[in-house]
Amino acid sequence: MNLFLLFILAFLVPSSLLLGIQASHSHRTRTFSQITVMGLVYCDTCSNNSFSKHSYFLSGVEVRISCKFKAETPRTAEQIAFSVNRTTNKYGVYRLEIPSVDGIRCAEDSEIASFCQASLIGSPSSSCNVPGYRTTSEEISIKSREANICIYSLNPLNYRPSARDDTLCGN
């Protein structure tokens with residue numbers, strides 16, 4: 001799992017810094033949140049529910065992301081719920097940028113009432129298309145109070161080949 005965290009941090013740091021610079025210059029009077037939900041999908045070649053030296057990231061996988069956020073302003077308390085489909089890029093990463101929502105201060109609040117999960121829809125790979133981890137809601141949260149940026153990195157999802165190759169993976 002450390003490989004995933006390293007990959008996600010390396011992927012996000014440059015874009016987070018850019019978003020932080022843009023947010024600090026364009027929104028001086030109101031506080032806006034920049035929320036990103038993302039995760040990875042890989043082929044678990046050895047069917048052991050872990051990323052091994054024979055595993056690889058899957059591009060073109062369809063993933064459904066469902067989220068609920070509780071927004072509170074001085075006048076209202078609302079719950080925002082939505083589901084969207086995303087496709088993984090060539091690195092196996094799916095990503096959802098959530099536009100600013102009034103009342104959600106993701107980085108300022110120690111705990112925002114939110115819930116996101118991702119579910120596999122389909123794999124374009126004929127050699128790796130049996131679902132392993134199908135749904136995930138466990139996450140690592142990364143927050144930047146300065147720019148009010150929150151990144152929710154969901155645990156990886158995976159597919160497996162229909163048959164395990166014992167010569168490649170051992171017994």
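A disulfide is taken here as a pair of cysteine sulfur atoms within 2.5 Å. The structure is a predicted model, and by that cut-off the count comes to three disulfides.

Take the pair Cys 67 and Cys 116 to begin with. Their sulfur atoms sit 2.1 Å apart, and with 115 degrees about the S-S bond the link is right-handed. Cys 67 belongs to strand E3 (residues 62–72) and Cys 116 to strand E6, so this disulfide ties together parts that are 49 residues apart in sequence. Both ends are tucked away: Cys 67 has 2% relative accessibility and so counts as buried, and Cys 116, at 2% relative accessibility, counts as buried too.

Strand E6 also turns up in the description of the next pair, Cys 43 and Cys 128. Here the sulfur atoms are 2.1 Å apart, and the link is right-handed, with 105 degrees about the S-S bond. Cys 43 lies in strand E1 (residues 34–43), while Cys 128 is found in the loop between strand E6 (114–122) and strand E7 (130–131), so the pair connects parts that are 85 residues apart in sequence. Cys 43 and Cys 128 are both buried.

That leaves Cys 46 and Cys 169, joined by a disulfide with an S to S distance of 2.0 Å. The torsion about this S-S bond is about -85 degrees, so the disulfide is left-handed. Cys 46 sits in the loop between E1 and strand E2 (56–57), and Cys 169 is part of helix H2 (residues 166–169), so the two hold together parts that are 123 residues apart in sequence. Again, Cys 46 and Cys 169 are both buried.

Away from the disulfides, there is the nonpolar interior to look at. In soluble globular proteins, nonpolar side chains tend to be buried together. The largest nonpolar core in this model has 22 residues, and the members touching the most others are Val 37, Val 41, Val 63 and Tyr 94. At least two residues of this core come from each of E1, E3, strand E5 (93–98), E6, strand E10 (149–154) and strand E11 (157–160).

Val 41 gives a feel for the packing. Setting aside neighbours within four places in sequence, Val 41 is in contact with Phe 57, Leu 58, Val 61, Val 63, Thr 88, Gly 92, Tyr 94, Leu 120, Leu 157, Asn 158 and Tyr 159. Another core, of five residues, lies apart from the largest one and includes Met 38, Leu 40, Val 93 and Ile 151.

Note on methods
Residues numbered from 1 in each chain as written. Predicted model: local features only at pLDDT ≥ 70, side-chain atom pairs only at ≥ 80, totals over all residues. Heavy atoms only, no water. Helix = DSSP H or I, 4+ residues; strand = E, 2+ residues; numbered from the N terminus. Buried < 20%, exposed > 50% of the residue type's maximum accessible area, 1.4 Å probe, protein only. Core = buried A, V, L, I, M, F, W, Y, C linked by side-chain atoms within 4.5 Å. Contact = heavy atoms within 4.5 Å.
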